[in-house]
Amino acid sequence: MNVYSAKNLTYKINNKIILDNLNFEIEKGKSYALIGCNGSGKTTLMKILAGVELNFEGELYFFDKKLDKSTFEKLFKEGFYKKVGYLFQDTDLQLFNLNVFDEIAFGPRQYIADEKEIEKRVFEIAKLFGIENLLQSDILVLSGGEKKKVALASILVNNPDILILDEPTNDLDPKSIRFVAKVLSELKNAGKTIILSTHHFDVLLLLADFMIVMSPDHRILKIGKTEEILKDKELLIEANVIDEEFEIFKKIY
Ligand SMILES: Nc1ncnc2c1ncn2[C@@H]1O[C@H](COP(=O)(O)OP(=O)(O)OP(=O)(O)O)[C@@H](O)[C@H]1O
Ligand SMILES: [Mg+2]
């Protein structure tokens, strides 16, 4: 079963092409890494999949339902964001509460009435991310990595089936990168559908079944199994994400 399928998906801003005629399917329970150089269109595509940007051309289906400007309100009312968790690349755009507890509790408060139950869930997820000591902190004082952990916790606390994660390991220290990769890999093994973008190649083998490789001119160059794509140095050079000297198979952090 496909979670998403896109047919001739194109996105333009002021006539400048940002996504050029993309065709792909995202299968339920599989994990996908979007790879491409800076500016290739990964964030734009993830915003579209997350329903944040709807001014695209072509067709996009969410399960068997059309997702576009005219249908999104209905999808939203049917609980789109209970199913889909979206992590913004820019964490500052994501976090909008004053303190960490309220940020993580925001989602559960939409569907749980019992504040004790909400507290329990918030503490559990905060403990998992090692941020329980930050729960009463002001969001504005957090470090970049701490903000990323809070943003991830605020999504995962809702237990969505589909995770759209734009550079989830950005800003994290090496130990935290490995930790987040492990958490996501457990979620993958639990059957979640994951679409993530990353410039951290070494987490890909752990996390992604498939890679979607974007070209500098905003097309999909190739979709294939992660092990196969990572062996295809020519392709990755064409995508402008590595140079000749880059060593792909480094040890994971
Ligand atoms: N509102 C906008 N106005 C003009 N250009 C835009 C706008 N939003 C995005 N772009 C352009 O679209 C292109 C794709 O941007 P996008 O953020 O999707 O790239 P990306 O692949 O996520 O890059 P990165 O690896 O740096 O995160 C970039 O060239 C960007 O400058
Ligand atoms: Mg981006």
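**A magnesium site and a helix pair**

Thr43 is partly exposed, at a relative accessible area of 21%, where partly exposed lies between buried, under 20%, and exposed, over 50% (1.4 Å probe, protein chains only). The model is predicted, so local features need pLDDT of at least 70 and side-chain atom pairs count only at pLDDT 80 or more, while totals for chains, interfaces and linings use all residues. Residues are numbered from 1 along each chain as its sequence is written, chains are lettered from A and ligands numbered from 1 in the order in which they are written, and side-chain values use heavy atoms, with hydrogens and water left out.

Through its OG1 atom, Thr43 is one of the protein donors of the magnesium ion (ligand 2), together with OE1 of Gln89, at 2.0 to 2.1 Å from the ion; donors are N, O and S atoms within 2.8 Å of the metal (3.2 Å for Na, K and Ca), and because water is not among the atoms, sites may look incomplete. The two donors are 46 residues apart, Thr43 in helix H1 (residues 42–49) and Gln89 in the loop between strand E6 (84–87) and helix H4 (91–94). Gln89 is also partly exposed, with a relative accessible area of 34%.

Elsewhere, helix H5 (residues 100–111) packs against helix H7 (residues 144–156) at an angle of about 25 degrees, their axes 7 Å apart. H5 is therefore roughly parallel to H7, a term for angles under 35 degrees. In this pairing, Val100, Glu103 and Ile104 of H5 meet Val150, Ala153 and Ser154 of H7, contact meaning heavy atoms within 4.5 Å.

Ser137, in the loop between helix H6 (115–128) and H7, counts as buried at 18% relative accessibility.

Notes. Axes fitted to C-alpha atoms, helices over the stretch in contact; angles between N-to-C directions. Helix = DSSP H or I, 4+ residues; strand = E, 2+ residues; numbered from the N terminus. Parallel < 35°, antiparallel > 145°, perpendicular 65-115°, else oblique.
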